[in-house]
Amino acid sequence: MNESLTHNVTEAFGACADARTKEIVTALVRHLHAFAREVNLTHDEWRQGIEFLTATGKKCDGIRQEFILLSDTLGLSIVLDDINQHHEEAATESSLLGPFYRDGVKESGFGANIAQSEGEPVFFHGAVRDATSGKPVANALIEVWQTAPNGMYEGQDPDQPEGNLRGRFRTNADGAYAFHSIKPTSYPIPTDGPVGQMLVATGRHPMRPAHIHFRIDAPGYAQLTTALYSADDPYVNSDAVFGVKPSLVIEYAPRENGYDVARDFTLIAKERA
Ligand SMILES: [Fe+2]
């Protein structure tokens with residue numbers, strides 16, 4: 001094994017003027033070389049690897065982004081999430097934004113119902129608080145989105161009414177929020193491309209456990225992107241994109257005509273972010 005090969009390649013980037021670019025590209029070279037050496041990669045295997053990456057690129061268009069799916073299914077997206085989140089114990093943990101967030105949803109009042117689909121009713125409520133002081137955060141913007149019982153988001157499914165199962169709310173003076181919806185459903189990530197083939201070839205399933213996405217913005221606080229995962233979902237311990245964190249798993253408590261979910265969120269002030 002000739003270690004000077006790797007040294008020669010990283011040295012070739014010696015003149016790179018941007019220090020961060022140089023750091024990233026030379027680390028990438030070192031890890032790529034180490035990977036090939038660790039598995040004794042053959043020419044034929046790397047040709048297959050290049051074919052896979054080529055197919056992944058060809059699957060991408062204005063809507064479909066197969067490389068994000070690859071990043072998600074290899075766990076790289078959640079590693080980035082982990083690197084970049086605020087590891088303050090009292091703060092709500094983050095989770096993946098995913099591809100189905102949509103801007104421009106109209107704002108609803110306290111306690112509104114965001115479901116225009118039939119399903120098991122759920123009342124979601126709680127408060128947004130400062131992670132350090134515990135004080136309520138008034139006028140925080142809460143955006144939520146989730147799947148319908150057929151496992152599809154509005155936007156994927158022409159049969160769902162515009163804005164179905166998407167909500168945009170403001171917390172009141174007590175930091176409280178409340179809305180009605182239905183229980184979210186597990187769904188498969190797209191399997192009709194190279195990433196789907198990779199999952200099949202490696203004996204993995206494509207399912208994400210049922211969850212509801214939250215994005216919370218408040219003046220003076222770092223934005224929180226997270227999701228709440230259903231404890232009773234069969235895929236809660238095997239999320240295809242590794243987004244589940246124990247602190248984000250919730251129980252749906254039975255109540256009259258449905259379920260109740262009480263959940264607070266805690267934000268990190270910007271100066272500490
Ligand atoms: Fe999702």
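**Strand 8, its partners and the two domains**

With 5 of its 7 residues buried, strand 8 (residues 211–217) is largely enclosed by the rest of the structure. Buried here means 20 or more other C-beta atoms within 10 Å of a residue's own, against 12 or fewer for exposed and anything in between for partly exposed, with C-beta atoms placed from the backbone. Strands (E, at least two residues) and helices (H or I, at least four) are DSSP runs, numbered from the N terminus. The model is predicted, so local features need pLDDT of at least 70 and side-chain atom pairs count only at pLDDT 80 or more, while totals for chains, interfaces and linings use all residues. Residues are numbered from 1 along each chain as its sequence is written.

Strand 8 has a pairing partner in strand 3 (residues 141–146), running antiparallel to it and joined by 6 bridges; pairing takes at least two DSSP bridges between the strands. Another antiparallel partner is strand 9 (residues 224–230), again through 6 bridges. Isoleucine 216 shows both links: it stands opposite isoleucine 142, and its bridge partner in strand 9 is leucine 224. The hairpin of strand 8 and strand 9 has 6 residues between the strands, and there glycine 220 takes a positive phi near 85°.

Ile142 and Ile216 turn up again in the largest nonpolar core, which has 33 residues; together with Val128, Phe214, Ala218 and Leu267 they touch the most other members. Such a core is a set of buried Ala, Val, Leu, Ile, Met, Phe, Trp, Tyr and Cys residues joined through C-beta atoms within 7 Å. At least two residues of this core come from each of strand 2 (121–130), strand 3, strand 5 (176–182), strand 8, strand 9 and strand 13 (265–267). Setting aside neighbours within four places in sequence, alanine 218 is in contact with Val128, Val137, Ala140 and Leu267, contact being C-beta atoms, placed from the backbone, within 7 Å. Another core, of 8 residues, lies apart from it and includes Ile78, Ile189, Val241 and Phe242.

What about the helices? Helix 2 (residues 19–39) has 0 of its 21 residues buried, so it lies largely in the open. At 1.5 Å a residue it should span 30 Å, and its end C-alpha atoms are 31 Å apart, which agrees; the expected span is 1.5 Å times one less than the number of residues. Just after helix 2, asparagine 40 takes a positive phi of about 50°.

On the scale of the whole chain, the domain assignment gives domain 1 (3–80) and domain 2 (87–272), with bounds from an automatic or database assignment. Their centres, taken over C-alpha atoms, are 32 Å apart. Across the boundary, 14 residues of domain 1 are in contact with 12 residues of domain 2. On the domain 1 side, helix 3 (43–59), helix 4 (66–73) and helix 5 (76–84) each give two or more residues, and helix 4 has the largest share, 6 residues.

The UniProt record (unreviewed entry) places "domain: Catechol dioxygenase N-terminal" at residues 18–92, a span that is 73% helix and 0% strand. In the same numbering as used here, with shortened feature names and annotations that may be inferred rather than shown by experiment, "domain: Intradiol ring-cleavage dioxygenases" (unreviewed entry) covers residues 116–258. That stretch is 6% helix and 36% strand. Overall, the chain has 6 helices and 13 strands, and 27% of its 273 residues count as buried.

Note on methods. Contact = placed C-beta atoms within 7 Å.
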